[in-house]
Structures are given as structure tokens and as C-alpha cells.
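Work through these exercises on how two protein chains meet. Try each task before you read its solution.

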There are 2 protein chains.
Amino acid sequence: MAVSKKTEFTQEDIWLADVAKALSHPARIRILKILNNMSSCMVGNIVDQLPLAQATVSQHLKELKRVGLINGEIDGPKTCYCVNNKNLIKAKNALDKLYSKIGCC
Amino acid sequence: MAVSKKTEFTQEDIWLADVAKALSHPARIRILKILNNMSSCMVGNIVDQLPLAQATVSQHLKELKRVGLINGEIDGPKTCYCVNNKNLIKAKNALDKLYSKIGCC
DNA sequence: ATCGTTCATCGTAAATATACGATAGGTTAA
DNA sequence: TTAACCTATCGTATATTTACGATGAACGAT
């Protein structure tokens, strides 16, 4: 794409777009829902519920972690992930600023 | 990416991911904010406020329209765009389902 | 120390997204 | 009709994402 122009926008717009990018794959939406419904949050459990290879799931988890939508901590040989509610709510609130005050044309 | 596995998820997860994808570029976030603050919504006005070529802006508008976040209607030689509040609110509500009931691990 | 388990990272191939110039299509004005 | 204008689309180059097998790193148990 030649050269990216993403840096020429405000920090807030870049941040919100980045969070949206992390949400832009059904596997990552599914992962968030799984973490929301399980007390256990081992990677293996997540892999079992997705039609994807372990390496691919790990990549998706990394992307969600990168933008702060989930937290992960090492627990012995396993890794435990969970949703970061604070940032998810922050993203939801940011969407409020996009509502049109005016009706549709 | 070899073969896409996106179809192997639920319709709702695919839909929400698709809306998030439309929001995943700062230019498109900016466009929504511009539409939210202007009574006029001609493409030319939007192009003037972005560091992008007209062809690129048109592409971004097309992507927002594809998922129903904006509506566009031809008004003489110009085209008028506006935010589709209904779908934006629908997306925001869908994010509510992703909050963790459990605290962070 | 060795083995099996769990997960992250590397390397790589293919699909998709981004950006722009050029051009086409449609509208109003002269 | 011609000219000028506005926007969408086409063609194309490059960047990024997606997906997987293979490998590596860390841990617990034997």
C-alpha cells in the first residue's frame, strides 16, 4: 500500500482504530466470549473450542493482549488469560462519540 | 493466509468482527466523527479534512457503507453521507456481551 | 537428567488491505 | 453541446494479516 498514513491522525483515533482492529476477526470475538464464560482460561481450552491450529490461536491471543483487551499470566507450564474489562468498557465509551446528533440524510 | 476460516464461526461473531474491521482504520474513525459534527456531508468536504487522496477516501467511505455504518445518497453532482446511528448502537450493544463477569486472573 | 506437557515464536505461503494516479460516469452551468 | 465539476471505479504496487508446521523454551513429574 505504498506508505501508511495512519500516523497522520490523532492519538485517540489511532487508539480506537487499533482496538477495533483487534476485534476484527471472528476468532478473537469468540475468544473474548469464551473467556467471559469460563472460570478456567488455559490456552488449551480455547484451542479446543476453535477450528484453528494452536499456533494460530496463540497469534490471536497475542493481538488481543497487544491492545490490552486481555491479560495473560504464566501459571506453571500453562498460561491463564482473562478479559480486561476496563479497556473493553473504555472502547465502548469511545464509540459513543461517533453517534450522529443529526438524523440520516 | 492459505484458506480463510472465517466462515466457521457464528453469524453474530462474523458480523461483529466485520463491523470492527470497518472501524479499524483511523481515517474511518475520523470520517465518522466528521459526519457527526457537520451538517454538510459532501465527499469533497471530507477529503479536505483528511491527509488522503480522493480515491482513497472514496474507498474508505465504501467500506463504512458496506457494513451499514453510514448511508450515502446522490444529491445532484455530489454525494451526501451520514452516520447510521441504528447500526452503530447495535454494535456498541454487542460489545456488552464481551465483558467478563469474572475479575481478572 | 530425561520425558511429556503446554505454550510462544519462527519461517513461510497466500489472502487481504491500503494508497494513489488515471479514468469513467453522471450532473449542472454556460 | 461543451465545459467544468464531483465522485466512483479500475489498475497496480506495496504492506499487512492470516494460517500452519516446525521448533524452541519453560515447567512438573518420573
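The exercises below deal with a predicted model.

**Exercise 1. Find which turn and shift lay chain A on chain B, and name the kind of axis.**

Solution.
- Step 1: A turn of 180 degrees, with a shift of 0.0 Å along the axis, lays chain A on chain B.
- Step 2: The RMSD of this fit is 0.1 Å.
- Step 3: That relation is the one of a two-fold axis.
- Step 4: Within chain A, the residue whose C-alpha comes closest to the rotation axis is Ala20(A), at 2.4 Å.

**Exercise 2. Work out how the copies meet, and how much area is buried between chain A and chain B.**

Solution.
- Step 1: Count the contacts: 50 residues of chain A touch 49 residues of chain B.
- Step 2: Of the interface residues of chain A, 98% are also interface residues in chain B, so the copies meet through the same surface.
- Step 3: Interface size is often expressed as the accessible area lost when the parts come together.
- Step 4: Here about 4,700 Å² is buried between the two chains, and carbon and sulfur atoms give 67% of that area.

**Exercise 3. Describe the salt bridges across the interface, then the side of chain A that touches chain B.**

Solution.
- Step 1: Six salt bridges cross the interface of chain A and chain B.
- Step 2: One of them joins the side chains of Lys33(A) and Asp13(B), at 2.6 Å from N to O.
- Step 3: Elements of chain A that each supply at least two residues to this side include α1 (11-22), β1 (70-75) and α5 (85-96).
- Step 4: α2(A) gives the most, with nine residues.
- Step 5: Sorted by class, this side has 28 nonpolar, nine polar and 13 charged residues.

How values were computed:
Residues are numbered from 1 along each chain as its sequence is written. Chains are lettered from A and ligands numbered from 1 in the order in which they are written. This is a predicted model: local features need pLDDT of at least 70, side-chain atom pairs count only at pLDDT 80 or more; totals for chains, interfaces and linings use all residues. Side-chain values use heavy atoms; hydrogens and water are left out. Copies are superposed by least squares on the C-alpha atoms of residues with pLDDT of at least 70 in both. Contact means heavy atoms within 4.5 Å. Buried area is the accessible area (1.4 Å probe) that two parts lose on being put together, summed over both. A salt bridge is a side-chain nitrogen of Lys or Arg within 4 Å of a carboxyl oxygen of Asp or Glu. Helices (H or I, at least four residues) and strands (E, at least two) are DSSP runs, numbered from the N terminus. Ala, Val, Leu, Ile, Met, Phe, Trp, Tyr, Cys and Pro count as nonpolar, Asp, Glu, Lys and Arg as charged, and the others, Gly among them, as polar.
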